[in-house]
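Visitor: I am new to this structure and should be grateful for a close look at a single part of it. Please take one strand and its surroundings, and describe them in order.

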Amino acid sequence: IEIGPSNEQTGSNWNQWLVEALKKGDFGFMPMPFSGTVEALVPAGDGVMVYGSNGVAYMNEVLANELFTGGYGVTGINHVGVYDRGSAVEVAGQHVFVGSDLALYTFNTKEGLQYLDYKDVIGSGVIADDCAMTVDERERQVYISFFNSAYIYTPGLGLAKSGRRVSIIVT
C-alpha cells in the first residue's frame with residue numbers, strides 16, 4: 001500500500017505507520033448509514049455523533065472479546081442531516097443541531113433524538129448561508145448565527161431571536 005508522500009520525500013515511515021495502525025484497529029474506515037459528506041464529529045457518552053449532510057449516526061465503542069478485537073458499531077439516528085459543518089454543538093451533555101430542514105434538534109444518549117421544530121422561526125430568517133453555533137458554557141446557552149439572522153437557544157426554555165450574531169465567546 002502506498003498512501004501519501006513517499007518515504008524519500010518526507011524522510012519518515014508514514015505509510016508503515018498507517019498500515020500498522022489499520023492492523024491494530026487504531027485507525028480505520030466505516031460506512032455510514034447515510035450518503036453525502038460527514039460535516040462534524042462530536043463526542044457523546046462512550047461514543048461519537050457523526051453529523052452528515054444527509055443523516056446523523058451514533059458510533060459507539062464495541063469492546064474486544066475472544067472473537068473480536070474491538071472497534072466501533074454504528075447506529076443511524078436521523079435521516080435528516082445537519083445544515084452545514086458549523087451547525088452542531090454540545091452544551092451541558094446535550095447536543096444541539098440545526099438540521100438541513102432548518103429545524104432544531106437535540107440529542108443525548110439517555111433520551112435520544114428530540115425534534116424541537118422552530119423550523120418556521122429559523123427558516124424564515126435564513127438566506128442560503130453558513131451557520132455558526134457557539135456555546136456559552138457558563139449560561140448554558142447556544143448562539144445560532146447566520147448572515148442575516150441570529151438566535152439564542154436555552155435548553156429547557158426554548159429559542160429566541162437575537163439582535164447580535166455571535167461567532168465566539170471568551171470566558
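Guide: In this predicted model, strand β10, which covers residues 141-145, runs antiparallel to β11, and 4 bridges join the two. One facing pair can be located by name: Val142 stands opposite Tyr153, a residue of β11. The connection between β10 and β11 is a hairpin, with 4 residues leading from one strand to the other.

Strand β11 itself comprises residues 150-154. Of its 5 residues, 4 are buried, so the strand is mostly covered, a residue being counted as buried when its relative accessible area is under 20%.

β11 also pairs with strand β12, made of residues 158-161. This pairing is likewise in the antiparallel sense and extends over 4 bridges. Here Tyr151 may be taken as a point of reference, for it stands opposite Lys161 in β12. The hairpin of β11 and β12 has 3 residues between the strands. Within that hairpin, Gly156 takes a positive phi near 90 degrees.

To set beside this mostly covered strand, one may turn to a part of the surface. Met30, Tyr72 and Val74 make a nonpolar surface patch of about 240 Å². Among them, Met30 lies in the loop between α2 (14-24) and β1 (38-44). Met30 has a relative accessible area of 32% and is therefore partly exposed, since that class lies between the limits of 20% and 50%.

Note on methods. Residues numbered from 1 in each chain as written. Predicted model: local features only at pLDDT ≥ 70, side-chain atom pairs only at ≥ 80, totals over all residues. Heavy atoms only, no water. Patch = residues over 30% accessible without salt bridge, like charges linked within 9 Å, V, L, I, M, F, W, Y side chains within 5 Å. Areas by Shrake-Rupley, 256 points an atom, 1.4 Å probe, with all protein chains shown as cover. Salt bridge = Lys/Arg side-chain N within 4 Å of Asp/Glu carboxyl O. Buried < 20%, exposed > 50% of the residue type's maximum accessible area, 1.4 Å probe, protein only. Pairing = 2+ DSSP bridges.
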